[in-house]
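Here are my notes on this one, as numbered points. Have the structure open while you read.

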Number of protein chains: 2
Amino acid sequence: MREFELIRQIQQESSVPGEGVKLGIGDDAAILEVPRGKCLVAATDTLNAGKHFPDDAEAFDIGHKSLAVNLSDLAAMGAAPRWALLSLSLPEPDSKWVRSFTAGFRSLAQVHNVVLVGGDTTRGPLSINVTALGVVDAGKGLLRSDAQVGDLIVVSGTIGGAARVLDLLQSGTSVRDRELLDRPQPRVRLGQALTGYANACIDLSDGLLADLGHILEASDCAAQIDVSTLPVPKELQNLEEHERWNYQLAGGDDYELLFTLPAKNKGMLDQWREQLNLNLTVIGQIEEGEGVQCHTADGEIFKPVRPGFEHFSDLD
Amino acid sequence: MREFELIRQIQQESSVPGEGVKLGIGDDAAILEVPRGKCLVAATDTLNAGKHFPDDAEAFDIGHKSLAVNLSDLAAMGAAPRWALLSLSLPEPDSKWVRSFTAGFRSLAQVHNVVLVGGDTTRGPLSINVTALGVVDAGKGLLRSDAQVGDLIVVSGTIGGAARVLDLLQSGTSVRDRELLDRPQPRVRLGQALTGYANACIDLSDGLLADLGHILEASDCAAQIDVSTLPVPKELQNLEEHERWNYQLAGGDDYELLFTLPAKNKGMLDQWREQLNLNLTVIGQIEEGEGVQCHTADGEIFKPVRPGFEHFSDLD
């Protein structure tokens with residue numbers, strides 16, 4: 001398959017008329033209209049085979065995940081996603097693989113009204129780069145640096161399941177339901193709902209302690225976490241407490257949102273739970289000082305074995 | 001080197017205060033302001049080792065080229081570049097390599113006031129993805145589809161030199177001056193000057209015939225090219241005519257602009273040449289019909305050996 005045919009295939013299978021798209025795929029660049037009063041929000045992430053998804057991952061799931069991790073970044077800013085650019089490196093032209101990849105990418109894009117507006121294809125080791133572009137009301141973006149002492153710390157969904165699935169796969173155990181690892185659901189609607197209510201927000205990609213640490217560093221404050229409150233996925237239900245907490249504090253790839261909420265806005269949590277049909281759990285609070293202290297329900301300090309890692313290695 | 005340190009290093013070495021940057025590197029995404037009356041222009045390109053640059057290319061040059069090819073796409077739309085996102089896959093953390101790469105990236109970014117506002121680093125085979133973002137007055141972008149019968153076809157700089165350098169390197173010949181291949185100069189100022197005067201525009205990455213073909217297909221017209229007028233780089237001066245023309249018509253990687261200009265605007269060429277200190281050459285014209293016909297100064301038809309290729313293989 002020639003380059004232009006491959007691009008055309010992706011275009012045909014992904015392109016829908018989109019908001020603000022003055023010129024989509026097919027020229028040197030896309031031309032896009034950001035509505036007045038809105039700012040552009042831009043994130044980019046690369047996924048490499050064997051690194052960000054298992055070597056045996058389905059093309060459909062890789063398509064899903066490559067967009068999902070970027071939409072998750074936009075969600076963490078409170079932005080509404082609009083457009084995406086896709087750079088695909090493939091070892092060999094492979095129509096069937098591309099069709100399946102594109103179907104996964106497209107199905108998630110359609111859920112969130114994201115239009116593919118550009119990209120390129122190149123030959124190389126399997127690698128996918130996506131740039132996601134969205135919009136947020138000027139001055140309303142959710143920053144890591146805006147946490148305030150007294151804020152509640154809240155997470156969406158459940159925590160630690162993706163890391164458990166990955167661990168099982170890496171130890172050679174077959175896992176029937178890999179959805180938490182292979183098809184994370186970016187919390188796009190939640191992110192937008194939080195603007196104007198939450199102070200700081202981040203998505204959980206590197207692990208709870210590492211990501212919360214970014215907020216604390218940027219906001220110059222500390223946090224208390226009650227590990228007994230961490231929401232438990234079914235993947236962790238049969239584990240001993242300490243092992244479970246290690247997954248939940250240090251495991252990555254959850255792509256849930258962690259945000260800090262002024263106590264006066266606590267009442268919004270029930271409303272969001274109902275509107276979004278989404279689990280939201282208060283797991284701790286922001287305090288003066290620095291660093292994270294984890295404790296159990298009865299007040300004992302808990303120190304995780306792994307203090308938070310950067311994905312699966314020292315350079316990811 | 002840990003991921004965050006690597007990002008910090010790139011940030012420190014590249015970041016300058018930039019126009020419209022509400023939030024740069026360091027959060028989940030960047031927040032950017034597109035001025036009222038302007039549209040956003042977005043392009044993305046991936047460069048893989050051994051494919052888009054020689055395996056022995058200098059890190060500085062790879063940094064330069066990864067930004068240059070994307071700025072070239074923006075130039076072809078008539079856009080002013082503003083911001084860039086960089087995704088870097090490295091086999092091993094390598095401070096020295098990153099410093100040199102960043103210096104090359106930064107030096108070109110500074111020339112064109114481009115601010116690095118985000119990105120990620122991952123471990124993998126050497127691969128660089130850049131997304132370039134710019135702005136153009138609403139309705140003024142230069143499209144491939146706007147060529148008109150009677151337009152002059154004009155190219156900037158010289159044509160065919162990069163392909164010649166690549167051929168020599170691939171045949172094992174050492175080349176002292178590799179600048180045309182390793183450090184292409186995106187025609188950013190020319191692209192912006194063309195808005196309001198030129199009809200269609202494209203950058204020459206895949207080869208003159210292939211890229212001109214994209215304009216003709218999008219604009220539903222044909223072209224005559226006088227091969228004797230093609231501007232000759234010093235790298236091709238000693239070659240026999242037919243061999244030279246093959247490089248010029250089918251060779252890629254020039255990153256010059258090819259644009260179509262209404263004959264009534266021909267007078268602008270001298271002004272642009274002087275203002276931009278840039279070679280601009282009329283090489284043919286747009287006609288009714290389809291396809292490109294190449295002829296020599298005395299009117300003989302010339303058929304190139306390679307009819308235009310897609311970079312260096314069937315999937316690039």
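1. Which residue in β2(B) is the bridge partner of A:Ala42? That residue is B:Ala30. The pair belongs to a junction in which strand β3 (residues 38-48) of chain A and strand β2 (residues 30-32) of chain B run antiparallel, joined by three bridges. Strands here are DSSP E runs of at least two residues, helices are H or I runs of at least four, and both are numbered from the N terminus. Two strands count as paired if DSSP finds at least two bridges between them.

2. Some housekeeping before going on. This is a predicted model, in which local features need pLDDT of at least 70 and side-chain atom pairs count only at pLDDT 80 or more, while totals for chains, interfaces and linings use all residues. Residues are numbered from 1 along each chain as its sequence is written, and chains are lettered from A and ligands numbered from 1 in the order in which they are written.

3. Now the sheet that spans both chains. It is open, with mixed pairing, and its six strands follow the order β5(A)-β4(A)-β6(A)-β3(A)-β2(B)-β1(B). At the edges sit β5 (115-123) of chain A and β1 (21-23) of chain B, each pairing on one side only. From one strand to the next the twist averages 20°; angles run from 0 to 180 degrees between N-to-C directions, with axes fitted as lines to C-alpha atoms, for helices over the stretch in contact. α2(A) packs on this sheet, touching β3, β4 (80-90) and β6 (127-137) of chain A, and its direction makes about 35° with that of β6(A). Contact means that the C-beta atoms of two residues, placed from the backbone, lie within 7 Å.

4. The reciprocal junction is there too. Strand β2 (residues 30-32) of chain A and strand β3 (residues 38-48) of chain B run antiparallel, with three bridges between them. Here A:Ile31 stands opposite B:Val41.

5. On symmetry: a turn of 180° with a shift of 0.0 Å along the axis lays chain A on chain B with an RMSD of 0.0 Å. The two copies are therefore related as by a two-fold rotation axis. The superposition is by least squares on the C-alpha atoms of residues with pLDDT of at least 70 in both copies. Both copies use the same surface, as 100% of the contact residues of chain A recur in chain B.

6. How many residues of chain A are in contact with chain B? There are 60, and they meet 60 residues of chain B. β3(A) gives the most to the chain A side, with nine residues. By class, that side has 28 nonpolar, 15 polar and 17 charged residues. For the classes, Ala, Val, Leu, Ile, Met, Phe, Trp, Tyr, Cys and Pro count as nonpolar, Asp, Glu, Lys and Arg as charged, and the others, Gly among them, as polar.

7. Chain A is assigned domain 1 (3-137) and domain 2 (144-295), with bounds from an automatic or database domain assignment. Their C-alpha centres lie 26 Å apart. The contact takes 21 residues from domain 1 and 18 residues from domain 2. On the domain 1 side, α2(A) provides the largest share, ten residues. That side has 13 nonpolar, four polar and four charged residues.

8. Chain A has another open sheet of six strands, also with mixed pairing, in the order β8-β10-β7-β11-β9-β12. Its edge strands are β8 (201-203) and β12 (291-295), and neighbouring strands are turned by 25° against each other on average, direction ignored. Helix α2 (residues 59-76) of chain A packs on this sheet as well, touching β8 and β10 (257-261), and its direction makes about 170° with that of β8(A).

9. Within that sheet, β7 (residues 152-156) and β11 (residues 280-287) of chain A pair in the antiparallel sense over five bridges, and A:Leu152 has A:Gln285 as its bridge partner. Strand β9 (residues 222-226) of chain A pairs with β12(A) in the parallel sense, over five bridges; there, A:Gln224 is partnered by A:Gln293.

10. Finally, β12(A) has alternating side chains: A:Val292 and A:Cys294 point to one face and are buried, while A:Gly291, A:Gln293 and A:His295 point to the other and are not. Buried means that 20 or more other C-beta atoms lie within 10 Å of the residue's own, against 12 or fewer for exposed and partly exposed in between, with C-beta atoms placed from the backbone.
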